[in-house]
Amino acid sequence: MIEIKDLHKSFNEEIILNGIDAEFIAGKTNMIIGSSGSGKSVFLKNMLGLFKPDAGEIIYDGERLNEMDEDRQKELREQMGMLFQHSALFDSMTVEENVMFPLRMFTKMRRKERQERANDILERVNLINLNKKKPSEISGGQQKRVALARAVVNRPKFLFCDEPNSGLDPKTATIIDNLIQELTHESNMTTVIISHDMNSVLEIGETIIFLKDGKIAWKGNNKQIFKTDNESVTDFVYSSELFRKVRIAQNKGL
Ligand SMILES: Nc1ncnc2c1ncn2[C@@H]1O[C@H](COP(=O)(O)OP(=O)(O)OP(=O)(O)O)[C@@H](O)[C@H]1O
C-alpha cells in the first residue's frame with residue numbers, strides 16, 4: 001500500500017500539486033486520471049523519489065520515503081516495476097535477454113535461473129514463442145507485453161504504469177490492461193496507473209483519483225465514475241465521442 005498525505009509541489013511559483021491525500025491499495029489497479037497538464041506525471045515522479053516534495057508524506061507500507069536512508073531507498077527501488085509510454089526495450093537484445101536484464105542488475109541469480117524466470121513470465125504474457133526475437137521483429141503490442149514482463153519479472157511489490165496503452169489499438173490495449181490487472185491480483189502488487197484512456201478506466205479502474213487544479217477533484221471507482229455529477233469528471237469522461245453517445249442514449253432511456 002502507498003499512502004500520500006498532504007503532498008505539495010511547485011515549480012517557480014507555479015503550484016502543481018496543492019495538498020494531495022490518496023491511498024493506493026495492494027492487489028488493486030489504482031488509476032490517476034486528469035487532463036493534460038494536471039500534474040499526473042509530477043505526482044508519479046514524487047512517488048518514485050525523482051522529485052522531492054515541497055511538503056507532505058509518501059508512505060510505502062507504513063515507511064516514510066523521506067525518512068529512508070540511501071540503502072533502504074535502493075532496496076525499495078528494487079521492489080518497484082515500471083512500465084512507461086514507450087516500451088524502451090534494448091534493441092540489441094533478444095526478448096528473453098530484455099526480460100532477464102533486471103534480474104542481472106538486481107539479483108545474484110545464475111544465468112540458468114534468470115532464463116527460467118524470464119521464460120516463466122514470457123509464458124504468462126503469451127510470448128514464449130518469441131523469446132529469441134529482437135524487439136524490431138515483433139509488433140507494438142507484443143513489445144508492450146515484453147516491457148510488462150520485464151517490469152514484473154523481479155516480482156515487484158509496486159508497479160507503476162505511465163500511459164501503458166499509448167499507441168495501441170483498442171483490442172491490444174484491452175489485452176495489456178487485462179494482463180496488468182491479472183498480474184496485480186495474482187501477486188498482490190500495489191499498481192498505480194496514469195491514464196487518459198476511458199476504455200482503460202472502465203476496464204480496470206478499481207480505484208480512481210481525478211486530478212484538477214493541483215487537488216483531487218473526485219475519488220471513486222469505475223462503477224461510480226459514470227454516475228457522478230461532478231462536472232469536471234463528466235467533462236473528462238464525455239470528451240470521448242463514444243462515451244458521449246453512451247450518455248445521450250442513457251438519457252433517452254435506450
Ligand atoms: N521539471 C519541471 N520543471 C518545471 N515545470 C514542470 C516540470 N515538470 C512538469 N512541470 C509542469 O507541471 C505541470 C504538470 O505536468 P505533468 O507532466 O505532471 O502533467 P500531466 O498531467 O502528466 O500531463 P500529460 O497528460 O499531458 O502527460 C505542467 O505545467 C508542467 O509544465
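1. Let's start with a single residue. Ile176 sits in helix H6, which spans residues 170-187. This is a predicted model, so please read everything below with that in mind. Ile176 counts as buried because it has 22 C-beta neighbours inside 10 Å, where 20 or more is the cut-off. Setting aside residues within four places in sequence, Ile176 is in contact with Lys144, Arg145, Leu148, Pro164, Asn165 and Leu168. The pair with Lys144 is a nice one to look up: the two are 32 residues apart in sequence, with 7.6 Å between their C-alpha atoms.

2. One of those contacts of Ile176, Leu148, leads to the nonpolar core. The largest such core has 56 residues, and Ile32, Val99, Ile121, Leu122, Leu148, Ala149 and Val152 touch the most other members. Which helix gives the most to this core? That is helix H5 (residues 140-152), with six residues. As background, nonpolar side chains in soluble globular proteins tend to be buried together.

3. Ile32 deserves a closer look, being among the core residues that touch the most other members. Beyond its neighbours within four places in sequence, Ile32 is in contact with Lys40, Phe43, Val192, Ile194, Ile209 and Leu211. Two of these partners, Val192 and Ile194, take us to strand E8, where both are buried on one side together with Thr190.

4. Is strand E8 enclosed or open? Strand E8 (residues 190-194) is largely enclosed by the rest of the structure, because five of its five residues are buried. Both of its faces are covered: Thr190, Val192 and Ile194 are buried on one side, and Thr191 and Ile193 on the other. In a regular strand, side chains alternate between the two faces of the sheet.

5. The pairing partners of E8 fit into the same picture. Strand E3 (residues 28-33) pairs with E8 in the parallel sense over five bridges, and Asn30 stands opposite Val192. Strand E7 (residues 158-162) also pairs with E8 in the parallel sense, over five bridges. Here the bridge partner of Phe160 is Val192. If you are tracing this region on screen, Val192 is a handy landmark, as it is in contact with Ile32 too.

6. Elsewhere there is an open sheet of four strands, with antiparallel pairing and the order E2-E1-E4-E5. Its edge strands are E2 (14-24) and E5 (63-64), each pairing on one side only. Strand E4 (residues 55-60) pairs with E5 in the antiparallel sense over two bridges, and Tyr60 stands opposite Glu63 of E5.

7. Leu17 belongs to the edge strand E2. Is Leu17 buried or exposed? Leu17 counts as buried, because 25 C-beta neighbours lie inside 10 Å. Apart from residues up to four places away in sequence, Leu17 touches Leu7, His8, Lys9, Gly39, Val42, Phe43 and Gly214. Gly214 is 197 residues away along the chain, but the C-alpha atoms of Leu17 and Gly214 are separated by 4.1 Å.

8. The loop between E1 and E2 holds two residues worth checking, Asn12 and Glu13. Asn12 has a positive phi, near 45 degrees, in a residue other than glycine. Glu13, also not a glycine, has a positive phi of about 75 degrees. Asn12 counts as exposed because it has 4 C-beta neighbours inside 10 Å, and Glu13 is exposed with 5 other C-beta atoms within 10 Å.

9. Now the ligand. The residues around it are Phe11, Ile16, Gly34, Ser36, Gly37, Ser38, Gly39, Lys40, Ser41 and Val42. By type, this shell divides into three nonpolar, six polar and one charged. Helix H1 (residues 40-47) supplies the largest share, three residues. Some names recur from earlier points: Gly39 and Val42 also touch Leu17, and Lys40 is in contact with Ile32.

10. Finally, a word on confidence. The mean pLDDT of the protein chain is 91, and 96% of its residues reach 70 or more. Among the elements of the chain, strand E1 (residues 2-11) has the highest mean pLDDT, 98, and helix H9 (residues 241-251) the lowest, 69. Where pLDDT is low, the predicted coordinates should not be read in detail. The model scores are ipTM 0.97 and pTM 0.92.

Definitions and conventions: Residues are numbered from 1 along each chain as its sequence is written. This is a predicted model: local features need pLDDT of at least 70, side-chain atom pairs count only at pLDDT 80 or more; totals for chains, interfaces and linings use all residues. Two strands pair if DSSP finds at least two bridges between them. A nonpolar core is a set of buried Ala, Val, Leu, Ile, Met, Phe, Trp, Tyr and Cys residues joined through C-beta atoms within 7 Å. A residue is buried if 20 or more other C-beta atoms lie within 10 Å of its own, exposed if 12 or fewer, and partly exposed in between; C-beta atoms are placed from the backbone. Two residues are in contact if their C-beta atoms, placed from the backbone, lie within 7 Å. pLDDT is the predictor's confidence in each residue, from 0 to 100. A residue is near a molecule or strand if its C-beta atom, placed from the backbone, lies within 6 Å of it. Ala, Val, Leu, Ile, Met, Phe, Trp, Tyr, Cys and Pro count as nonpolar, Asp, Glu, Lys and Arg as charged, and the others, Gly among them, as polar.
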